[in-house]
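Work through the following exercises with the structure open beside you, and try each task before you read its solution.

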Amino acid sequence: MKVTKVFEFDSAHNLINYNGKCEKLHGHTYKLEVTVSGVPDINGLVIDFTLLKSIVNECIIEKLDHQYLNELFDFNTTCENILVWMWNQLYGRLKTDRFELYQLTLWETPTSYATVTKEDMGDVES
Ligand SMILES: Nc1nc2c(c(=O)[nH]1)N=C([C@H](O)[C@H](O)COP(=O)(O)OP(=O)(O)OP(=O)(O)O)CN2
Ligand SMILES: [Zn+2]
């Protein structure tokens with residue numbers, strides 16, 4: 001079974017090696033969907049949403065919210081590259097005998113998003 005929690009954060013960035021409006025400084029209200037797969041425990045929880053919130057806030061949101069992403073990262077701050085970083089931050093924190101990180105979807109605008117799954121990333125550790 002899969003369970004998903006949705007987060008939002010606001011960050012500024014500009015793309016590098018890019019010819020277009022996104023080479024200029026601009027901001028997004030990013031939306032992040034974190035999906036965990038596993039077997040419900042005896043009380044019917046795959047992972048407690050409260051625990052999931054606490055881990056994602058610590059590993060992702062507190063680091064990126066109201067930040068200029070180009071100052072934090074040495075890679076081009078595309079959705080795709082940010083997702084790989086997020087996966088590596090979260091994978092080890094969301095892996096137990098009963099559940100694990102399954103999918104991340106990052107919305108950059110209401111019409112643009114990227115998704116990464118375990119199939120894309122394999123068994124990487126943070
Ligand atoms: N494959 C990718 N392409 C682009 C990315 C990206 O992360 N991955 N990022 C950008 C820019 O950061 C830009 O902010 C988003 O582009 P776009 O969807 O074109 O933004 P709009 O505000 O124009 O969205 P509309 O909903 O179409 O108005 C560019 N490309
Ligand atoms: Zn952008």
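**Exercise 1.** In this predicted model, find how β4 and β5 are joined, and through how many residues.

*Solution.* Begin at the connection itself: a hairpin leads from β4 to β5, and it does so through 2 residues. Next, look at the pairing of these strands, which is antiparallel and extends over 6 bridges between β4 and β5. As a point of reference within this pair, Thr 109 can be found opposite Ser 112 of β5.

**Exercise 2.** Establish the order of the strands in the sheet, and say which strands lie at the edges.

*Solution.* Step one is to read across the sheet, which is open and consists of 5 strands in the order β3-β1-β2-β4-β5, with mixed pairing. Step two is to look for strands that pair on one side only, and these edge strands are β3, residues 67–68, and β5, residues 112–117. Step three is to follow the pairs in the interior of the order. Strand β1, which covers residues 2–13, and strand β2, which covers residues 26–38, are antiparallel partners over 12 bridges, and in this pair Ala 12 faces Gly 27 of β2 across the strands. Strand β2 also pairs with β4, again in the antiparallel sense, over 8 bridges, with Lys 31 standing opposite Trp 107 in β4.

**Exercise 3.** Determine which strands helix α1 touches, and across which strands helix α3 lies.

*Solution.* Take helix α1 first: this helix, residues 49–64, packs on the sheet and touches β1, β2 and β3, and its direction makes about 20 degrees with that of β1. Then turn to helix α3, residues 79–90, which lies across β4 (99–109) and β5 and runs at about 150 degrees to β4.

**Exercise 4.** Decide whether Met 86 is buried or exposed, and name its contacts beyond its neighbours in sequence.

*Solution.* First locate Met 86, which belongs to helix α3. Then count the other C-beta atoms within 10 Å of its own: there are 21, and because a residue with 20 or more is taken as buried, Met 86 is buried. Finally, set aside the neighbours within four places in sequence, after which the contacts of Met 86 are Ile 60 and Leu 104. For a comparison of sequence with space, consider Met 86 and Val 46, which are separated by 40 residues in sequence and by 21 Å from C-alpha to C-alpha.

**Exercise 5.** List the residues around ligand 1 and sort them by class.

*Solution.* Collect the shell first: around ligand 1 are Leu 15, Cys 22, Thr 78, Cys 79, Glu 80, Glu 108, Thr 109, Thr 111 and Ser 112. Sorting this shell gives 3 nonpolar, 4 polar and 2 charged residues. If you then ask which elements contribute, you will find that α3 and β4 each supply at least two residues of the shell.

**Exercise 6.** Which residues does UniProt place under the feature "binding site", and why can they be said to gather at one spot?

*Solution.* The record is an unreviewed UniProt entry, and it places this feature at His 13, His 26 and His 28. These residues span 16 residues in sequence, yet no two of their C-alpha atoms are more than 8.2 Å apart, so they gather at one spot. Now examine the two that have further details here. His 26 is part of strand β2 and counts as exposed, because it has 11 C-beta neighbours inside 10 Å; apart from residues up to four places away in sequence, His 26 touches Ala 12 and Asn 14. His 28 is also part of strand β2, but it is partly exposed, with 17 other C-beta atoms within 10 Å. Leaving aside neighbours within four places in sequence, His 28 makes contact with Ser 11, Glu 108 and Thr 109.

**Exercise 7.** Describe the phi angle and the surroundings of Asn 17 and of His 66.

*Solution.* Although Asn 17 is not a glycine, its phi is positive, at about 55 degrees. Asn 17 sits in the loop between β1 and β2 and is exposed, with 6 other C-beta atoms within 10 Å. His 66, likewise a residue other than glycine, has a positive phi near 60 degrees. The place of His 66 is the loop between α1 and β3, where it is exposed, with 9 other C-beta atoms within 10 Å.

Notes: Residues numbered from 1 in each chain as written. Chains lettered and ligands numbered in written order. Predicted model: local features only at pLDDT ≥ 70, side-chain atom pairs only at ≥ 80, totals over all residues. Pairing = 2+ DSSP bridges. Helix = DSSP H or I, 4+ residues; strand = E, 2+ residues; numbered from the N terminus. Contact = placed C-beta atoms within 7 Å. Axes fitted to C-alpha atoms, helices over the stretch in contact; angles between N-to-C directions. Near = placed C-beta within 6 Å. Nonpolar A, V, L, I, M, F, W, Y, C, P; charged D, E, K, R; others polar. UniProt positions renumbered as here; feature names shortened; annotations may be inferred. Buried ≥ 20, exposed ≤ 12 C-beta atoms within 10 Å, placed from the backbone.
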